[in-house]
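Biologist: Before I take the labels on this one at face value, could you walk me through the reasoning behind them?

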Amino acid sequence: MQEDFLHYVWLHKKFALESLYTTQNQSIVIKSVGQPNCNSGPDFFNAQIYIDDQLWVGTVEIHVQSSDWYVHHHEKNPAYDNVILHVVWTHTTEVFRADNSVVPTLVLEPFVHLQLLKNYTALKKNEDQWIPCATQFSTVSDFEISNWLERLYLERLEHKFKPIQIQLLKTNQDWEAVMFWQLARAFGAKVNAEEFWQLAKSFPFSVFRKIQNNPLYMEALLFGQSGLLDDDVEGPYFRDLVITYQFLKQKYKLIKLELFSLKFFRLRPPNFPTIRLSQLVQLYHKNTHLFSKLMQANTYDKLHQILICETSDFWRSHYTFKNTSIEKTKRISKSFADLLIINAVLPMMYAYRLFKGVDQDAIISIIKTIPSEKNNIVNAFNRLKPIAKTALDSQALIQLKSNYCTQVKCVQCGIGSALLNRNA
């Protein structure tokens, strides 16, 4: 038995509500269980409970055993002086406030349905599996899973929104700058995400904005700041980049990144950072006020029309500065554009629509149009039950695994809740 189960039982009133009495034989009528407290202090606040017909408003503390009150030293903490009810599974001792008055105690065990406890025990027994409900996951209805995944996706967007909100506050709501940083990270993909983020932040966005009509200047800025122009390479393009970067560095007092290295190892050539940086430059060159354009594009197809672009001419026959390749157009692929939408555009759109007080329906519509991502987490869930059809599903499953399954938060999970209440 763990406290998370008791929190679930109390929050959702999963126990018989009639004929409740304290260990002191006082009658209990619950008007409100209160709201969960995610910070320090008692577990629920603003609870409203009648005890012997007297309405009490205050906090509720939950323990497996009543003696845990003293194990946790609550008797020494003034924050627990206003606890109006102590909810426990097993009563082992009475507890007292600082003024020596008894804290009313409710023992839940006799009032909880036995099947609910069995279902909880079955989940806890399988904590060492990939997910605790692995053997039961396929039995949960598609409707229950679908509803939970949509909520999880919005939760994931909220998680991504928080660092965006911090950047917006730091830049006095410069949405274009924050969009540039988010896109740069997304262009770096998994391997170079942090490096691209550092690179984009290594100079004021105002500098990038001023040279946006000149792709050579933009490429010189990004390649120079990253150290890619430090090698000795023959050729007019490379020489122009070096000369241009030295000019920009002096004019804008730029400080080049130190101890910085972009990763090429184990990347397919189309994903080389040189190619991605050139594509990022061309994206901004062809789209003045890119952030505004993306926010106004309320469909998947419109976003693709904006994001699909190709490298500058030099990179048609190169993947690196030194080695030539068969000449071909190196355009952003549909699948890579999908990743940009998922990881950069939609989180920014979520933040912007939240700022404007607009609903998020357009985001849900767009994410449901994008095919599901393929990764180890999504593949593993699909082996249990083939459920990931769209990017909403795959993003939600990543949120589910990392924030619920791995942390064994079954009682806070919609799927776990469905299994807990089966036949209970």
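Biologist: Let's start with a turn. What makes Asp52 stand out in the hairpin of β4 and β5?

Modeller: Its backbone: Asp52 takes a positive phi near 50° there, in a hairpin with two residues between the strands. Bear in mind that this is a predicted model.

Biologist: How do you know that β4 and β5 are paired?

Modeller: Pairing needs at least two bridges. Residues 44–51 and residues 54–65 are joined by six, so β4 and β5 count as paired, and they run antiparallel. One of the partnerships puts Ala47 with Gly58 in β5.

Biologist: And what makes β5 and β6 a pair, and in which direction do they run, parallel or antiparallel?

Modeller: Six bridges again, against a minimum of two, so β6 (residues 83–90) pairs with β5. That pair runs parallel, with Glu61 standing opposite His86 in β6.

Biologist: Why is Asn287 called buried?

Modeller: Its relative accessibility is 5%, and buried means under 20%, so Asn287 qualifies. That residue sits in the loop between α10 (273–286) and α11 (290–296).

Biologist: What makes the link between Asn287 and Lys293 a polar contact?

Modeller: The distance joining their side chains is 3.2 Å. The cut-off for such a pair of N or O atoms is 3.5 Å, so the link counts. Leaving out residues up to four places away in sequence, Asn287 touches Gln212, Lys293 and Ile306.

Biologist: Now the cysteines. Why is Cys133 in no disulfide?

Modeller: The structure holds zero disulfides. For Cys133, the nearest cysteine sulfur belongs to Cys405 and is 5.9 Å away, while a disulfide needs the sulfurs within 2.5 Å, so Cys133 has no partner.

Biologist: Is Cys133 buried or exposed?

Modeller: Buried, because its relative accessible area is 10% and the limit is 20%. Cys309 is buried too, at 6%.

Biologist: Which residues does Ile415 contact, beyond its neighbours within four places in sequence?

Modeller: Cys133, Phe137, Val140, Ile145, Trp148 and Leu400.

Biologist: And which residues touch the most other members of the largest nonpolar core?

Modeller: Ile415 is among them, along with Trp10, Leu294, Phe321 and Leu400, in a core of 134 residues. Helix α13 (residues 334–356) supplies the largest share, 12 residues. Another core, of five residues, lies apart from that one and includes Trp69, Tyr80, Val83 and Val103.

Biologist: Why would such side chains group like that?

Modeller: In soluble globular proteins, nonpolar side chains tend to be buried together.

Technical notes:
Residues are numbered from 1 along each chain as its sequence is written. This is a predicted model: local features need pLDDT of at least 70, side-chain atom pairs count only at pLDDT 80 or more; totals for chains, interfaces and linings use all residues. Side-chain values use heavy atoms; hydrogens and water are left out. Helices (H or I, at least four residues) and strands (E, at least two) are DSSP runs, numbered from the N terminus. Buried means under 20% relative accessible area, exposed over 50%, partly exposed in between (1.4 Å probe, protein chains only). A polar contact is a pair of N or O atoms within 3.5 Å; within protein, one must be able to donate a hydrogen and the other to accept it, and residues adjacent in sequence count only if both atoms are side-chain atoms. Contact means heavy atoms within 4.5 Å. A nonpolar core is a set of buried Ala, Val, Leu, Ile, Met, Phe, Trp, Tyr and Cys residues joined through side-chain atoms within 4.5 Å.
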